[in-house]
Amino acid sequence: MSDPRGLLVVIAGPSGVGKGTVHARVRAALPESVLSVSMTTRPPREGERDGVHYHFVDLETFERRIADGALLEWAEYAGHRYGTPRQPAEEAIAQGRVVVLDIELQGALQVKQHDPDALLVFLEPPSFQELERRLRARGTEDPDAIGRRLDRAWEELAAGDRFDVRVVNDDLDRCVAEVLAAIEARRHGHART
Ligand code: 5GP
């Protein structure tokens with residue numbers, strides 16, 4: 001079997017679908033994987049640390065990074081900007097690692113345009129009602145922000161068929177197993193999933 005290749009894996013899907021839990025499990029199962037730390041203009045939530053959960057920056061800094069070409073992709077989401085730093089991701093891929101991006105729809109599509117080999121995984125909630133319930137139960141956003149995220153969720157759900165793999169996150173173990181199988185297939189050069 002050929003040596004596994006470096007790979008960009010995008011895990012996208014509407015806010016509240018459980019992307020964080022899924023990519024934490026994927027990373028635990030694949031020691032050679034790394035999570036890309038995004039840059040954002042969103043203020044930190046309680047418990048979030050700069051450089052760990054995000055690189056928290058102001059708008060001016062974010063715009064400078066775009067102008068410098070330092071972001072692999074970026075998008076505006078619910079009133080804030082988010083982007084993937086290019087250098088760490090490209091270095092890790094050159095080392096044969098699996099780089100996991102937890103990003104929204106527009107960014108995911110940009111990644112695919114630049115890197116057709118990237119694996120785009122779309123996580124779907126069991127239902128829209130369940131998504132809304134999870135987002136409210138999480139308690140990290142105020143009602144306005146939840147409304148903006150739910151509006152955006154409709155758009156994201158409609159675009160799921162532009163992804164390589166769609167996985168319903170109803171049973172976490174099965175969902176993670178499906179994502180891992182898709183990664184292994186792509187890394188070892190099997191036919192595209
Ligand atoms: P949150 O504010 O909940 O941390 O993230 C909001 C949305 O932005 C989520 O859908 C998350 O996946 C997405 N996101 C986080 N980092 C990036 C990034 O670097 N680029 C893009 N395009 N989206 C991101």
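Biologist: In which pocket does the ligand sit?

Modeller: This is a predicted model, and in it the place to look is among the pockets found over the protein atoms. Of these, the one that holds the ligand is the largest pocket.

Biologist: Which elements give two or more residues to the shell around the ligand?

Modeller: The shell is made up of 16 residues, and the closest include Lys-19, Arg-42 and Tyr-54. By class, this shell divides into five nonpolar, four polar and seven charged residues. The elements that give two or more residues to it are strand E5 (71-77) and strand E6 (80-85).

Biologist: How far is an oxygen atom of the ligand from a polar backbone atom of Gly-83?

Modeller: Two side chains also offer polar atoms to the ligand: one of Lys-19 lies 2.6 Å from an oxygen atom of the ligand, and one of Ser-38 also lies 2.6 Å from an oxygen atom of the ligand. For Gly-83, where the polar atom belongs to the backbone, the distance to an oxygen atom of the ligand is 3.0 Å.

Biologist: Which element gives the most residues to the lining of the largest pocket?

Modeller: The largest pocket holds about 780 Å³ of space, and among the lining residues closest to its centre are Lys-19 and His-23. Helix H1 (19-29), E5, E6 and helix H6 (143-158) each give two or more residues to the lining. With four residues, the element that gives the most is H1.

Biologist: What is the volume of the second largest pocket?

Modeller: This pocket is lined by 14 residues, with Arg-42 and His-80 among those nearest its centre, and H6 gives the largest share, three residues. Its volume is about 180 Å³.

Key. Residues are numbered from 1 along each chain as its sequence is written. This is a predicted model: local features need pLDDT of at least 70, side-chain atom pairs count only at pLDDT 80 or more; totals for chains, interfaces and linings use all residues. Side-chain values use heavy atoms; hydrogens and water are left out. A residue is near a molecule or strand if one of its heavy atoms lies within 4 Å of it. A polar contact is a pair of N or O atoms within 3.5 Å; within protein, one must be able to donate a hydrogen and the other to accept it, and residues adjacent in sequence count only if both atoms are side-chain atoms. On a 1 Å grid over the protein atoms alone, a cavity is a set of points where a 1.4 Å probe fits but cannot get out, and a pocket is an open set with protein on both sides within 12 Å along at least five of seven lines; lining residues have an atom within 4 Å of a point. A molecule sits in a cavity or pocket if more than half of its atoms lie within 2 Å of its grid points. Ala, Val, Leu, Ile, Met, Phe, Trp, Tyr, Cys and Pro count as nonpolar, Asp, Glu, Lys and Arg as charged, and the others, Gly among them, as polar. Grid points are joined across faces, edges and corners, and a volume is the space filled by probe spheres set on the points.
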